[in-house]
Amino acid sequence: MRLGSATTRRIRSAPREGRTVSAAQPVVLIAEELSPATVEALGPDFEIRHTDGADRARLLADLPGADAVLIRSATQMDAEAMAAATNLKVIARAGVGLDNVDVPAATAAGVMVVNAPTSNILSAAELTCGHILASARNIAPANAALKQGEWKRSKYSGVELFGKSLGIIGLGRIGALVAERMKAFGMDILAYDPYITAARAQQLGAELVELDELLERADFVTIHMPKTPETVGMLSDDQFERMKDSAFVVNVARGGLVDEEALDRALAAGKIAGAGIDVFASEPATDLPFFAHDHSTVTPHLGASTAEAQEKAGVAVARSVRLALAGELVPDAVNVAGGVIHEDVRPGLPLAENLGRVLTALLGERSLTAVEVEVAGEIAAQDVSSLQLAALKGVFTDVVSDQVSYVNAPVLAEQRGVETRLTTTAESSSYRNVVTVRGATAQGDQVSVSGTLVGPRQRQKLVGVDRAEIEVPLSEHLLAFRYTDRPGVIGILGQALGEQGVNIAGMDVSREAEGGTALAVLQIDSALQPGTLDKLEQAIEAERAAEVDLAER
């Protein structure tokens, strides 16, 4: 039995039924205006065609025969478009967002989707700095007033940045760039990020603090977190109450991280001095209540709207198209793992990525300092470096605001001061092949998770957590509890989940000894309501509890 998965996504090497075979030169269809550098990056090995992606009828007429299509934001690549594209292998979005691409439909059709996740980080950081400056000096309302014939110097008096504190929530790549730039203005940098070490923060010249302390001390607060159920509304009424009345809030990251109704209330009541917002919970947004406040500066999602970012995006996806059509590893693929990977190794990529996500969930807010990926069994004889990339991708997927890919996962680790290591061994005592992901923390402890793929359909299973041997399917929703072994614990969990309408699909319990430390891992059919995990943890007096959500981001 090979290490494999029934859900492995691959680029098909032969045309689907009813599809035509490509001409000698693969056809690349450019559906929107892209920079000359994009076409240059494609090189001479393709037949380049052009269409108008915003003209639906023309797009559908021009898609047949295309091996790849390059788009920006105006072209809708949905199931209908993919059905028309009878030879399509790659959709390349020259940008970060994928709102106009039906990724599940592309996956079902065997079509790779790529984008350019790192193309806009500098532009987004600079826009953040622009909003900080605009807020400090009332540039937007002063500009509007003067253009209306009003000379109001005293009304729009501002503040200097020198000596002020900038609180950065999320010290990833963009947050780090913002810190570097605003230090030049003489600002003191505070940072909240549970997934970086104090040493890494110190390298960036930032003081690592808890979120409440950051909010209480900062004169400016900028947020750079991923958009997850936990971070939506991360800045709301309670957080604005903690902030100084003279503080400003900036969000150029993801719409919804700042509660827009709470922001309106805070501005109206003078709880904060102002805000600079580039992204919104629902877009386009043109008439939100907080727009009416003089001290709110808003822009229409301009984070990536620079000539340089657009050119970087075009060149990046052009290179990905070249790799994809050559059958090589495509680091920025969002729905498949393509490339020259041994057939016995390739199916383990989704498993390794999921193990990385499980590790992150089990770590909670403990800071990682090192990640080791161990591959044991027959496949250790092959090149398994791609499994390390997949595991790192999983480790960071749920904790950074940037999209994580095979190419930037090691960079994210390096930026956070996380050491990485890959080890292999041919010995595997219980299973033919096992992948283990271990994480060492700044708190001095270590967490490890192990998984394999079993049965004729090669299903993913979690087979170890730390020293405990278990066997639970790696499904979308898992719960893990570490507690003192005693009668009645499982009954308490079952009753509490039943009262919440949450069904237990499977579970396994492992213990060191009777009355010792036990580990229970439950497979459940749906996510918990907010606050439920804390109640379960208290009900069984657990040492640790974690909810694992492996739904696709």
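A residue is called buried when its relative accessible area is under 20%, exposed when that area is over 50%, and partly exposed in between. By this rule Asn138 is buried, because its relative accessible area is 7%. The structure described here is a predicted model, and the report goes from single residues to salt bridges and then to empty spaces.

## Backbone features in loops

Asn138 sits in the loop between helix H5 (121–137) and helix H6 (139–147). Although Asn138 is not a glycine, it has a positive phi of about 55°. A positive phi is also found at Asp466, where the angle is near 55° in a residue other than glycine. Asp466 belongs to the loop between strand S17 (459–465) and strand S18 (468–473), and it counts as partly exposed because its relative accessibility is 27%.

Another backbone feature is the peptide bond from Glu283 to Pro284, which is cis, with omega near 0°. Pro284 is placed in the loop between strand S11 (274–277) and strand S12 (296–298).

Glu33 lies in the loop between strand S1 (27–30) and helix H1 (36–42), and with a relative accessible area of 71% it is exposed. From Glu33 to Ala262 the separation is 229 residues in sequence and 39 Å in space, taken from C-alpha to C-alpha.

## Salt bridges

Side chains of opposite charge can pair when their charged atoms come close. In the whole structure, a search finds 28 salt bridges, and the table sets out some of them.

| Pair | N to O distance |
|---|---|
| Asp45 and Arg322 | 3.3 Å |
| Arg49 and Glu47 | 2.9 Å |
| Lys393 and Glu353 | 3.0 Å |

Which parts of the chain does the pair of Asp45 and Arg322 tie together? Asp45 lies in the loop between H1 and strand S2 (47–50), while Arg322 lies in helix H12 (residues 307–325), so the salt bridge joins parts that are 277 residues apart in sequence. Both partners are partly exposed, Asp45 with a relative accessible area of 41% and Arg322 with one of 30%.

The partners in the second row of the table are also partly exposed, with 33% for Arg49 and 31% for Glu47.

Are Lys393 and Glu353 buried or exposed? Lys393 is buried, and Glu353 is buried too. Their salt bridge, with 3.0 Å from N to O, runs from helix H14 to helix H13, so it ties together parts that are 40 residues apart in sequence. Elsewhere, salt bridges link Glu372, Glu374, Arg421 and Arg438 in a network.

## Cavities and a pocket

Rolling a probe the size of a water molecule over the atoms shows where empty space is left. A search of the whole structure finds three cavities of 30 Å³ or more.

The largest cavity holds about 70 Å³ of space, and the residues lining it include Tyr195, Thr360, Arg366, Phe396 and Val418. Helix H13 and helix H14 (385–397) each supply at least two residues of this lining, which divides into seven nonpolar, three polar and one charged.

About 50 Å³ of space lies in the second largest cavity, where Val358, Leu462, Leu478 and Val548 are among the lining residues. H13, S17 and strand S19 (477–484) each give two or more residues to this lining, and the largest share, three residues, comes from S19. By class, the lining of the second largest cavity has nine nonpolar residues, no polar and no charged.

The second largest pocket has a volume of about 1,300 Å³. Of its 37 lining residues, the closest to the centre are Tyr195, Glu230, Glu365, Leu533 and Glu547. Two or more lining residues come from each of helix H13 (348–363), helix H17 (532–539) and strand S22 (544–549), and S22 gives the largest share, six residues. The lining of this pocket is made up of 19 nonpolar, eight polar and ten charged residues. Tyr195 therefore appears in two linings, that of the largest cavity and that of the second largest pocket.

## A nonpolar patch on the surface

Ile490, Met507 and Val509 make a nonpolar surface patch of about 200 Å². Val509 is found in strand S20 (residues 504–511), and it counts as partly exposed because its relative accessibility is 36%.

Methods: Residues are numbered from 1 along each chain as its sequence is written. This is a predicted model: local features need pLDDT of at least 70, side-chain atom pairs count only at pLDDT 80 or more; totals for chains, interfaces and linings use all residues. Side-chain values use heavy atoms; hydrogens and water are left out. On a 1 Å grid over the protein atoms alone, a cavity is a set of points where a 1.4 Å probe fits but cannot get out, and a pocket is an open set with protein on both sides within 12 Å along at least five of seven lines; lining residues have an atom within 4 Å of a point. Grid points are joined across faces, edges and corners, and a volume is the space filled by probe spheres set on the points. Helices (H or I, at least four residues) and strands (E, at least two) are DSSP runs, numbered from the N terminus. Ala, Val, Leu, Ile, Met, Phe, Trp, Tyr, Cys and Pro count as nonpolar, Asp, Glu, Lys and Arg as charged, and the others, Gly among them, as polar. Patches are made of residues with over 30% relative accessible area and no salt bridge: like charges are joined within 9 Å, nonpolar side chains (Val, Leu, Ile, Met, Phe, Trp, Tyr) within 5 Å. Accessible areas come from the Shrake-Rupley method with a 1.4 Å probe; for residues, only the protein chains shown count as cover. A salt bridge is a side-chain nitrogen of Lys or Arg within 4 Å of a carboxyl oxygen of Asp or Glu. Buried means under 20% relative accessible area, exposed over 50%, partly exposed in between (1.4 Å probe, protein chains only).
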